[in-house]
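Where, inside a folded chain, is space left unfilled, and what surrounds it? Please keep the model in view while reading the walk-through below.

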Amino acid sequence: MNISSTTPEHAEICDVLVIGGGPAGATAAAVLASEGRKVVMVEKAHHPRFHIGESLLPANAVLFDRLGVRDQIERIGMPKFGVEFVSPDHDHTAQVEFADAWDKSMPYAWQVRRSEMDEILFRNAATRGAATVEGCRVREVSFDADGADVQAVLDDGTRRQWRARFVLDASGRDTFLSNKLKAKLKNPRHNSSALFGHFVNAERLPGKQEGNITIFWFDHGWFWYIPLADGTTSIGAVCWPYYLKSRKKPLKDFFADTIAMSEPLAQRLKDATLVDDAVYATGNYSYTSTHCSGERYLMLGDAYAFIDPVFSSGVYLAMHSAFEGAKVVATTLDQPARAAAARKHFEQDMRRGPREFSWFIFRVTNPTMRDFFMYPQNPFRVKEALLSLLAGDIHGKTPIWGSLRILKTIYFSVCAVNPRRSWHAWQRRRRNIRDLGPLAGENILESK
C-alpha cells in the first residue's frame, strides 16, 4: 500500500490513530505499540483529568497484569472485596463477596481515583512506544480504501494532521465516530441520569469491608457509595430522568435533598463534608450504536455503548474491547483477507458484555430482583454464577451460563406467582424510562 500518494501535505504518517486517552484508548495504544506498530494517541484533555467511574471489577486485574501496571494500581487503589446492598424495603443489609464467585481466583478489585488510574494507563502506553498528544481535539476524520485522514486542533489553535492506516475511536461518551456516522441510539429499554460528588469524613464499613461499594436503593433510583484510598468517598445518585427534570433549586441543594431520601445513606454522611462544594450532573446515561466497526475503524468501550453503572462494568468493558480491538487491527493490517471475519467476531463480542449485564440492570430496581440481592441463595450454584457476572467473569471459560439461565427462570417464576406486584413494577418502569427530551445535565457540569 502506498500511503504517500494520498497523504495531505504536512500530514504525519502512522499505522494507528487512537482518539481518546482513557482506559480503552490507552490500553489499545499500549498493546499495539508493544507489537511494533507506529501508534499515535490523542487526548482532548491533559492528564490527570477528572473522570467519574471509580469502581473496578476483579476481572480488571488480569488486564492490568497483561499491561504490566498491576503494582501501580495496587498502590493507588482501595481494595474492594465485595458489594453491600441497602434497601428501604428490608430491615437488614446484604453483603456479598467476590471470593464466593464460581472462580475463586479473583477475590477482589479496587476503588480508584480515575484521574490517577487513567494517567497510569496513558503514561504506560507512552512507555511502550506510543506517541501521545494531550490537549488535542480531533475535528474531522475522512476514510478511504487505504486508511483515514485525521484533522485535529491543539489547545493553542495549532492544527495537526495525520494519515493513518487504521483509526480507533476511544472517545468515551463523546462518541466521536458514532455521532459522525449517525450510529448513536438512545437505549430504548433504559434511560437514566446521575448526580454525584465527593465527600470527606463519610462513615465507612469496618475492617476488610471498608473498601466495598454500597448500593442504596431509593424511590427514584439508586445511590453508589465508593470509598477511595485518600479518605474521600464518591457518592452518586443514578435516577430516572423525570426526577432530575423536577429540580427547582441549585444542584448542590437538590443533591442534598436527594441524599436525605435515603435515611441509611444520610446517617453515614451526617459528619461528612462535600469536597469543594462541587456537585456534578450528567444525563442521557445509556446508549448504544448500530455498529462498532468498519473497514478502517473500530469503536471501543463507551465510544460504542454505555450502560447503567450499577455493576461498575464500564472500565472492564472498555479495556476488554481494547485488547480485542488490537487483534482486529493486527489482522486488518497484516492479513487483510481475514479482516471481515475478525470484525464480525468483534461486533459479536462487543454486544455480549452490555447484553449480559443489561438483563440484570434492567431489573435491578424490580422488587423481585431486589429480594434476590437481599436474600442471596445458591441453589444450582446461581449465587456463584451471579457473583461471577458481577466480577466481570463473562469472557473466560468459567461455566456460569447454565446457572444464570436457571436464575432467570427462578426470577420469572417468582414474578408469575406475584402478578400484582410484578404488574405494578412493570408499569412503574415504563413510566420511569419514558423519554423527556434533553436534560440540563446532558454534559458533565459543575455547580458550586
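The paragraphs that follow go through enclosed cavities, then an open pocket, and end with a pair of helices.

The model shown here is a predicted one, and totals for linings take in all residues. Rolling a probe the size of a water molecule over the atoms shows where empty space is left. In this structure the search finds two cavities of 30 Å³ or more, and the largest cavity has a volume of about 100 Å³.

Around the largest cavity stand Leu57, Lys80, Val83, Phe85, Phe98, Ile213, Ile215, Val310, Phe311, Ser312 and Leu390. Strand E4, which covers residues 82–86, and strand E13, which covers 213–218, each contribute at least two residues to this lining. Sorted by class, the lining of the largest cavity consists of nine nonpolar residues, one polar residue and one charged residue.

The second largest cavity holds about 70 Å³ of space, and 13 residues line it, with His190, Trp222, Trp240, Asp308 and Thr365 lying nearest its centre. Strands again take part, since at least two lining residues come from each of E14 (221–227) and E15 (232–239). The classes in the lining of the second largest cavity are six nonpolar, five polar and two charged.

Turning from cavities to open space, the second largest pocket contains about 610 Å³. Its lining is made of 26 residues, and those nearest the centre of the pocket are Phe362, Asn366, Ala425, Trp426 and Arg429. Helices H13 (401–417) and H14 (419–432) each provide at least two residues of that lining, and H14 gives the most, with eight residues. By class, the lining of the second largest pocket comprises 12 nonpolar, six polar and eight charged residues.

Helix H13, already met at this pocket, also packs against another helix. How do the axes of H11 and H13 cross? The axes of H11, residues 367–374, and H13 come within 9 Å and cross at roughly 125°, and the two helices are therefore oblique to each other. The crossing in which H11 passes H13 is right-handed. On the H11 side the contact is made by Thr368, Met369 and Phe372, while on the H13 side Leu407, Ile410, Tyr411, Val414 and Cys415 take part. Taken by class, this contact of H11 with H13 has seven nonpolar residues, one polar residue and no charged residues.

Notes
Residues numbered from 1 in each chain as written. Predicted model: local features only at pLDDT ≥ 70, side-chain atom pairs only at ≥ 80, totals over all residues. Heavy atoms only, no water. 1 Å grid on protein atoms, 1.4 Å probe; cavity = no way out; pocket = protein on both sides within 12 Å on 5 of 7 lines; lining within 4 Å. Points joined across faces, edges and corners; volume = space filled by probe spheres on them. Helix = DSSP H or I, 4+ residues; strand = E, 2+ residues; numbered from the N terminus. Nonpolar A, V, L, I, M, F, W, Y, C, P; charged D, E, K, R; others polar. Axes fitted to C-alpha atoms, helices over the stretch in contact; angles between N-to-C directions. Parallel < 35°, antiparallel > 145°, perpendicular 65-115°, else oblique. Left-handed = near helix turned anticlockwise from the far one by under 90°. Contact = heavy atoms within 4.5 Å.
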